[in-house]
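Here are some notes for a colleague who is beginning to read protein structures. Please keep the sequence and the model open beside the text while going through the points.

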Amino acid sequence: MRLPSHKTKIIATIGPASNDRRTIESLIKAGMSVARLNFSHGTFEEHKKAIKRIREASKKLGRRVALLGDLPGVKIRVGKLLGGKIELRRNQTVTLTTEDVEGMEGIIPVEFKDFPKLVSPGDTIYLSDGFIVLKVVKVTEKEVVCKVIVGGTLYSHKGINVPNARIPLEAVTERDFEILEFMIENDVDIVGISFVGSAYDVLKVRRFIKEHNARLFVVAKIERPDAVRNFDEILSAADGVMIARGDLGVEMPIEKLPILQKKLIEKAVMAGKPAIVATQMLESMTTEKLPTRAEVTDVANAILDGADAVMLSEETAVGKYPVDAVRMMARIARATEGYRESFGNVRMLEWKEKIPKKGTIKDAITRSIIEALQVIDARYILTPTRSGYTARLISRFRPKQWILAFTRDEKVANSLMLSYGVYPFVVESDDEAEILQVIKGLGLAKEEDTVLLTKGAPVGKTVGTNTIRIFQVP
Ligand SMILES: Nc1ncnc2c1ncn2[C@@H]1O[C@H](COP(=O)(O)OP(=O)(O)OP(=O)(O)O)[C@@H](O)[C@H]1O
Ligand SMILES: CC(=O)C(=O)O
Ligand SMILES: [K+]
Ligand SMILES: [Mg+2]
């Protein structure tokens, strides 16, 4: 086999434009590591088909792909519009209604009965990730009459944001738990929790997963001010985080996004938890064959900020060029990754200094790995890992070598598909001989290649990673 040409993980959302066998295979070949199913859209039937196709394609191509299920959460949405869309013009009067009607010129149905209670005259309402802006003029029991401030084309089921409203709802809804059950039954690997406000929201999902004897890697989506404020506790409760810039860019002043992105990524990377950057990364490729300069630069900068993974949404869900979009991300990643040490925010040699000088065995091992990599020209870092933790700890330092992770557990392997520079393999036993056999068998290494292997040799009761071995492949 050949390892991917890029170490940054690429997440692609599967939707009407990509939910067929051929496109899914092409997405995998182009470099998709994780397929995202957005349960805000589509039916269980469609998602079920997507899951089956992805699993089959991944098997056929011999390329691991993890499944990320994204929960809808408390997002308020536009209902169904006649013909799928309506035009909104500046200064026009439009009525948002909670009645169950199809939308048309001047009338927009809202899928949330208490919507009129959330707003008062003078409030600003954002539609479609903020592309369309309305000002509230009048509120009645079932209607909110607005004036269009910024117009545009509105599509069915687009999101509605009212940044200052206190939404009197739990972040994780009853509907979310039904979907979570579907994800568990259908063997999804990673769950994305939308509109997390505090660690409590994450722990509720964790408890539900545990009660169902399931295991899902839990990603907290940071997309409202509360989540930014409570980021540290959310990060420690979750397995990974997503900077969901679509909603975050409406819920917070948009100009704060760039610095926020850098700060949050840095914290997540240091904690050894994958950081995903999402939304509008190659937005113009939804309709164009090539991205803008600004988009290419955005992807590259997210990588230099230290992101583990970059995500495509409508580009691959409903866009005209889903495969080209993934291919483009892979190209940008490949061209950028080599410059991490000189231009990046997460630099191995600087980060090494953040490891406590008086710390745990793991700290000592991590430090030794980095020292060793500076001295020898190793081909790979070979890491047996039970929970994925060791592989993620090493990934934090973004070595230029691939970290090949070996685990007995399919779920752990799939969760590692989110971590920068880690390529996971499922093995029956994680002893050295088997690992060497696997990599030689796959043609990844040849005799006399130098490799660095981490091990957990029993010391008293400890069986965590406590040993490194550097040797040439026999
Ligand atoms: N099955 C589908 N999966 C994903 N997106 C879809 C699907 N069908 C239609 N779409 C469109 O593609 C866009 C994808 O963007 P994205 O996945 O970011 O969703 P979103 O609506 O912005 O919601 P969220 O903030 O929950 O992710 C959606 O806004 C929607 O208009
Ligand atoms: C991905 C997502 O939910 C957002 O950007 O808002
Ligand atoms: K969602
Ligand atoms: Mg969102």
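1. Ligand 1 is a good place to begin, and asparagine 38 gives the way in: an N or O atom in the side chain of asparagine 38 is 2.9 Å from an oxygen atom of ligand 1. Please bear in mind while reading that this is a predicted model, and that every distance below is computed from it.

2. Two further side chains make polar approaches to this ligand. Arginine 36 has a side-chain N or O atom 2.8 Å from an oxygen atom of ligand 1, and in lysine 75 a polar side-chain atom lies 3.0 Å from an oxygen atom of ligand 1. Taken alone, the ligand exposes 590 Å², of which the protein buries 88%.

3. Which residues come nearest to ligand 1? Among the 16 residues around it, these are Arg36, Asn38, His41, Lys75 and Lys158. Sorted by class, the shell around ligand 1 holds 6 charged, 6 polar and 4 nonpolar residues. At least two shell residues are supplied by each of β1 (9-14), β2 and α11 (314-317).

4. Asn38 appears again at the potassium ion (ligand 3), which is coordinated by Asn38 through OD1, Ser40 through OG, Asp70 through OD and Leu71 through O, at 2.8 to 3.1 Å. Serine 40 lies in the loop between β2 (34-38) and α2 (44-61), while leucine 71 lies in the loop between β3 (66-70) and β4 (76-77), so the pair ties together parts that are 31 residues apart in sequence. Along the chain, the spacing of the donor residues reads N-x1-S-x29-D-L. The magnesium ion (ligand 4) is 5.7 Å from the potassium ion (ligand 3).

5. Are the donors serine 40 and leucine 71 buried or exposed? Serine 40 has 19% relative accessibility and counts as buried, because the cut-off for that word is under 20%. Leucine 71, at 0% relative accessibility, counts as buried too.

6. Arg36 and Asp70, both met above, also belong to a network of salt bridges that links Arg36, Asp70, Lys221 and Glu223. Side chains of opposite charge can pair when their charged atoms come close. How many salt bridges does a search of the whole structure find? The search finds 33, and the next points take up some of them.

7. One of these joins aspartate 409 to arginine 215, with the closest N and O atoms 2.6 Å apart. Because aspartate 409 sits in the loop between β19 (402-407) and α17 (410-415), and arginine 215 in the loop between α5 (199-211) and β14 (217-222), the pair ties together parts that are 194 residues apart in sequence. Arginine 215 is partly exposed, its relative accessible area being 49%.

8. Another salt bridge is formed by lysine 262 and aspartate 305, whose closest N and O atoms are 2.7 Å apart. Lysine 262 belongs to helix α9 (residues 257-270) and aspartate 305 to helix α10 (residues 293-305), so this pair ties together parts that are 43 residues apart in sequence. The two partners deserve separate attention: lysine 262 is partly exposed, with a relative accessible area of 33%, whereas aspartate 305 is buried, with a relative accessible area of 4%.

9. A further example pairs aspartate 324 with lysine 289, where the closest N and O atoms are 3.3 Å apart. Aspartate 324 lies in helix α12 (residues 322-337) and lysine 289 in the loop between β16 (275-278) and α10, so parts that are 35 residues apart in sequence are tied together. Lysine 289 counts as partly exposed, at 46% relative accessibility.

Conventions
Residues numbered from 1 in each chain as written. Chains lettered and ligands numbered in written order. Predicted model: local features only at pLDDT ≥ 70, side-chain atom pairs only at ≥ 80, totals over all residues. Heavy atoms only, no water. Salt bridge = Lys/Arg side-chain N within 4 Å of Asp/Glu carboxyl O. Helix = DSSP H or I, 4+ residues; strand = E, 2+ residues; numbered from the N terminus. Buried < 20%, exposed > 50% of the residue type's maximum accessible area, 1.4 Å probe, protein only. Donors = N, O, S within 2.8 Å, 3.2 Å for Na, K, Ca; no water. Near = heavy atom within 4 Å. Polar contact = N/O pair within 3.5 Å; in protein donor to acceptor, adjacent residues only side chain to side chain. Areas by Shrake-Rupley, 256 points an atom, 1.4 Å probe, with all protein chains shown as cover. Nonpolar A, V, L, I, M, F, W, Y, C, P; charged D, E, K, R; others polar.
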